[in-house]
Amino acid sequence: MMPKLFDIKFPSESKSLPEGFWSAVDVWIKKPHVVNKRLCGVTETESRDVDREELRLILDDPEHFQAVLFSLTSEVSPAQTHVQDKPWSSSVRTFIPKVNCYGTNLQKEIILKDYARQQVTFIPFEEDEKGKVCLKNGNIYQIQLCNQDCEEWALELHVLTSDAWFSDGVAYAKLPWLSSDLLPKLVRWATESKSSEFRSTLSLLPVEKYSVMYQRLKEKYKAMVKVWPEVTDPEKFVYEDVAIATYLLVLWAEERSEKNLTARQSFVDLGCGNGLLVHILINEGHPGKGIDVRRRKIWDMYGSQTLLEEKAITPSESFLFPGTDWLIGNHSDELTPWIPVIAARSSYSCRYFVLPCCFFDFYGKYQRRQCKKSQYKEYVDFIAEVSQVCGFNTEEDCLRIPSTKRVCLVGKSRNYELSDEAESEQRRANLIQSRQICPRVTGERSDVGKEGGGCHGNAEGDGTWGAGFQPREKIPMVRNCAALSRDFVDSVVLRVANALLGMTVDDGEGPCSDWNKGGSLSVGEIAGRLEQETLQLLKRECGGLQTLLKNNHQVFRVEGGRVFIKDWRDEKSARVNTKRKPVAPGALKTRLCWFHLHHPQGCPLQAGNCAFAHGPDDLRPSTRPPKKLKNTVL
């Protein structure tokens with residue numbers, strides 16, 4: 001056996017073992033990039049069972065063969081004496097680095113799984129462009145699951161020759177990293193043993209082509225981060241759109257190869273937002289345009305070759321695109337369920353790509369129907385069912401973007417013949433009509449597209465489609481309680497604070513604390529103390545009562561659904577880990593201290609230590625002009 005270098009114990013009562021061990025190993029084999037961030041992914045050959053002779057041929061080196069074979073078969077326990085004809089399952093994986101530092105050489109590993117001994121061995125080698133192989137004997141390692149004293153499980157890392165280990169900083173990190181990062185991840189994956197609701201990342205594309213394309217586009221468009229004029233995070237939006245553009249460009253290149261096409265696909269991005277995705281796709285040679293209800297400041301930076309239209313999109317005959325190859329819906333909100341419909345009605349050859357985000361149905365917010373799924377999974381399934389009813393063979397994939405909503409749906413082909421278009425169109429019409437009223441939450445599968453499902457009103461009686469659809473407003477309404485009058489907000493804050501301060505309980509050892517912190521109430525209990533008229537006014541704001549309380553963080557601390565009076569002497573309330581320092585001389589104090597004005601005992605801090613003004617004379621307003629309210633969002 002190889003010398004043991006590191007080990008780590010599993011938590012007690014790990015019921016998922018030993019099966020969970022192999023699930024964790026498969027994650028490390030197929031998705032090493034989730035731990036090693038310098039990798040984009042791997043490609044893997046199909047696994048097959050091998051015997052000693054086949055292993056010798058794979059290694060193609062008598063000396064290395066003997067060393068590896070000894071490490072695989074020595075020190076076998078009595079319970080493992082049975083040797084199968086083909087004891088190992090073998091596969092080969094090829095690393096795909098984010099940045100290629102290997103030239104034309106390929107970094108590969110032979111992976112040998114031994115289910116009887118509960119161990120997996122990794123044998124690295126390098127292959128040049130002529131197919132010549134060089135085994136990296138110093139980097140051969142093994143991961144083994146051990147059951148110590150038939151009670152405790154442990155994970156061990158063995159290295160054939162640790163002194164000869166070579167770290168290249170990409171495919172192979174330093175040995176301590178295997179202990180500090182890899183082994184704990186394997187233990188967590190093995191004990192969780194939970195499968196994702198969605199497909200693996202980039203399952204529809206060749207990962208190596210995606211990696212090369214992404215690095216090229218990232219380098220080409222990274223300057224956009226420095227000149228980003230919008231109020232949103234430039235790094236998130238720029239690199240997310242670069243990744244989405246990469247996905248589409250590789251997807252379309254594969255399509256051209258499959259169909260022997262020469263012309264680059266055309267596209268229309270519906271709800272294009274900042275327009276960066278449109279800009280990149282056009283720059284990379286694809287004819288197309290973007291449409292959005294609201295112009296963005298960044299549009300002026302792209303130049304005349306990037307076609308962007310400011311227009312409200314209403315699903316109708318006016319918004320069909322018969323000459324377009326692909327329709328794109330990138331976080332398209334209320335347009336998301338309509339995009340498969342628009343694509344299907346535009347032409348038989350029109351395809352679509354949609355990245356669902358906010359949960360919209362055809363005529364408003366999507367209402368949950370299935371309690372057994374996450375809301376996100378249920379909504380993605382709903383859009384997939386809409387796509388299927390519209391006549392598409394629908395594929396699902398997971399993008400590699402900095403977002404929690406990264407599952408996309410792709411409709412590349414139809415599930416019916418062109419001669420059956422009339423029947424398919426009738427199914428689409430029934431679907432749209434049936435969504436006028438959505439069913440309540442159930443545990444059953446949805447009835448999207450079934451005849452008789454929902455309520456068949458007269459929405460399409462006049463021959464139009466999309467009647468009742470509400471496009472987003474050109475200027476979004478501010479809904480964060482900022483639109484409420486100051487007097488109204490102050491009155492609610494004072495009422496809630498007085499209710500909390502009136503709850504102080506004597507602990508039986510004399511008077512209450514020197515400064516009254518009050519008690520705590522749940523948000524629901526506070527709502528019960530307010531009039532319906534007040535609650536209805538708050539409900540029209542995004543988040544309602546809870547948003548108002550959180551916005552007034554000078555007064556309240558909202559935690560775990562409960563509301564407390566904030567004590568600025570307390571580190572948890574002040575969100576600092578060190579002793580509170582005095583406010584620097586000359587520091588701006590643009591707001592009056594609520595506690596100085598309203599608390600029966602005043603502010604618990606001295607004026608010099610409080611970030612808020614103790615009276616008008618303590619105010620130090622900013623000399624800078626006030627910022628304008630920004631309505632432009634992405």
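Leaving aside neighbours within four places in sequence, which residues is Leu281 in contact with? Select Leu281 in this predicted model and display what surrounds it: Ala245, Leu248, Leu249, Trp252, Phe267, His286 and Ile328 are its contacts beyond that sequence window.

Next, widen the selection to the largest nonpolar core, which has 45 residues. Leu281 is one of the three that touch the most other members, together with Tyr247 and Phe353. To see where the core comes from, colour the elements that give two or more residues to it: helices H5 (207-221), H6 (234-259), H7 (276-283) and H8 (299-302), and strands S13 (326-330), S14 (351-355) and S18 (407-414). Of these, H6 gives the most, with 12 residues.

Now move to a second, separate core. This one has 39 residues, including Phe198, Leu320, Ile383 and Phe392. In soluble globular proteins, nonpolar side chains tend to be buried together.

For a contrast, go to the surface and select Leu592, Leu597 and Leu619, which make a nonpolar patch of about 230 Å². Leu597 lies in helix H17 (residues 594-598). Is Leu597 buried, partly exposed or exposed? Its relative accessibility is 49%, so Leu597 counts as partly exposed.

Finally, zoom out to the whole chain. Its 634 residues are 48% buried, and the chain has 17 helices and 21 strands. Among contacts with a separation of 6 or more, 65% come from residues 24 or more positions apart. The accessible surface comes to about 32,400 Å², and carbon and sulfur atoms hold 51% of that area.

Notes:
Residues are numbered from 1 along each chain as its sequence is written. This is a predicted model: local features need pLDDT of at least 70, side-chain atom pairs count only at pLDDT 80 or more; totals for chains, interfaces and linings use all residues. Side-chain values use heavy atoms; hydrogens and water are left out. Patches are made of residues with over 30% relative accessible area and no salt bridge: like charges are joined within 9 Å, nonpolar side chains (Val, Leu, Ile, Met, Phe, Trp, Tyr) within 5 Å. Accessible areas come from the Shrake-Rupley method with a 1.4 Å probe; for residues, only the protein chains shown count as cover. A salt bridge is a side-chain nitrogen of Lys or Arg within 4 Å of a carboxyl oxygen of Asp or Glu. Helices (H or I, at least four residues) and strands (E, at least two) are DSSP runs, numbered from the N terminus. Buried means under 20% relative accessible area, exposed over 50%, partly exposed in between (1.4 Å probe, protein chains only). Contact means heavy atoms within 4.5 Å. A nonpolar core is a set of buried Ala, Val, Leu, Ile, Met, Phe, Trp, Tyr and Cys residues joined through side-chain atoms within 4.5 Å.
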